[in-house]
Amino acid sequence: MQHKLLTMSRTALLALLAVVALSACKKEEAPKAQAAAVAVPTNGDPNAWQAYASDVVKKNMDGVNSAPFVYFLPEESDPNFQDQYDAQAEKVKSDLTRGILEGNMLAFVSPASAKMGDLVIASFADVAAGSMKGVKVLFIGQAADNERVKAAVAPSGVNYVFVEAK
């Protein structure tokens, strides 16, 4: 009898805790102040571009369940541009070859928008049609590069999002 009473007490306590937890979840949160948008950098400063990219990526995380893959290239006048381009191209190809799971994001950003577009197009050339459903691809660049990047990634089945860096 005492064991039955103890079991009922535990069950009642667990039910009470569940009700309290659920009611706490339903409390309205105070509105969060919107942080000011990070402006598009007017020069090739990599730190400014990465801060800008971070801001844009955060604003496009809906439907993304894990940390995004962010690929960045400096401006073309950077003395190490070709080395960085080659390294990023290899990284993207490697990531795509391993496979990107649904709920992930690939974000591409660079002050050298055309070159980043070239990198995306080359990287997606061998991706199987329909193999990336539920994956978001975010391209942050110039409007002139949007359609060609979109056309290159579309067969893979990704959710393509373009943000113009203007």
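In the predicted model, 68% of the contacts in the chain between residues at least 6 apart in sequence join residues at least 24 apart. The chain holds 5 helices and 4 strands, and along the sequence these elements follow the pattern α-α-β-α-β-α-β-α-β. Of the 166 residues, 36% count as buried.

Strand 3 was examined with its neighbours. This strand covers residues 136-141, and 6 of its 6 residues are buried, so the strand is largely enclosed by the rest of the structure. Burial applies to both faces: Lys136, Leu138 and Ile140 lie on one side, and Val137, Phe139 and Gly141 lie on the other. Strand 2 runs parallel to strand 3 and is joined to it by 5 bridges; within this pairing, valine 109 stands opposite isoleucine 140. Strand 3 also pairs with strand 4 (residues 159-164), again in the parallel sense, over 6 bridges. Here the bridge partner of valine 137 is tyrosine 160 in strand 4.

The connections between these strands run through helices. Strand 2, helix 4 and strand 3 make a right-handed β-α-β unit. A right-handed β-α-β unit is likewise made by strand 3, helix 5 (residues 143-153) and strand 4.

Serine 110 is found in the loop between strand 2 (105-109) and helix 4 (113-124). With a relative accessible area of 2%, serine 110 falls under the 20% limit and is therefore buried. Two polar contacts of its side chain were identified. A polar atom of the serine 110 side chain lies 2.8 Å from the backbone oxygen of leucine 73, and the side chain also reaches the backbone nitrogen of alanine 112 at 2.8 Å. When residues up to four places away in sequence are not counted, serine 110 touches Trp49, Phe72, Leu73, Pro74, Met116 and Ile140. Of these residues, Ile140 is the one that stands opposite valine 109 in strand 3, and Trp49 is one of the buried residues of helix 2.

Helix 2 comprises residues 46-59, and the distance between its end C-alpha atoms is 20 Å, which agrees with the 20 Å that its 14 residues should span at 1.5 Å a residue. At the N-terminal end, aspartate 45 caps the helix, with a side-chain oxygen 3.2 Å from the backbone nitrogen of asparagine 47. The buried residues of helix 2 are Trp49, Tyr52, Ala53, Asp55, Val56 and Val57. Their cover includes strand 1, strand 2, strand 3 and strand 4.

Helix 3 (residues 81-98) has 18 residues and reaches 26 Å from its first C-alpha to its last, close to the 26 Å expected at 1.5 Å a residue. Its buried residues are Phe81, Tyr85, Gln88, Ala89, Val92, Asp95 and Leu96. Seen down the helix axis, these residues fall within an arc of 135 degrees, so they line one face of helix 3. The elements that cover them include strand 1 (69-72), strand 2 and helix 4. On the other side of helix 3, Asp83, Glu90, Thr97 and Arg98 are exposed. The helix is followed by glycine 99, whose phi is positive, near 105 degrees.

Definitions and conventions: Residues numbered from 1 in each chain as written. Predicted model: local features only at pLDDT ≥ 70, side-chain atom pairs only at ≥ 80, totals over all residues. Heavy atoms only, no water. Helix = DSSP H or I, 4+ residues; strand = E, 2+ residues; numbered from the N terminus. Buried < 20%, exposed > 50% of the residue type's maximum accessible area, 1.4 Å probe, protein only. Polar contact = N/O pair within 3.5 Å; in protein donor to acceptor, adjacent residues only side chain to side chain. Contact = heavy atoms within 4.5 Å. Pairing = 2+ DSSP bridges. Right-handed = clockwise from strand over helix to strand, strands pointing away. Expected span 1.5 Å × (residues − 1). Arc of directions from axis to C-beta.
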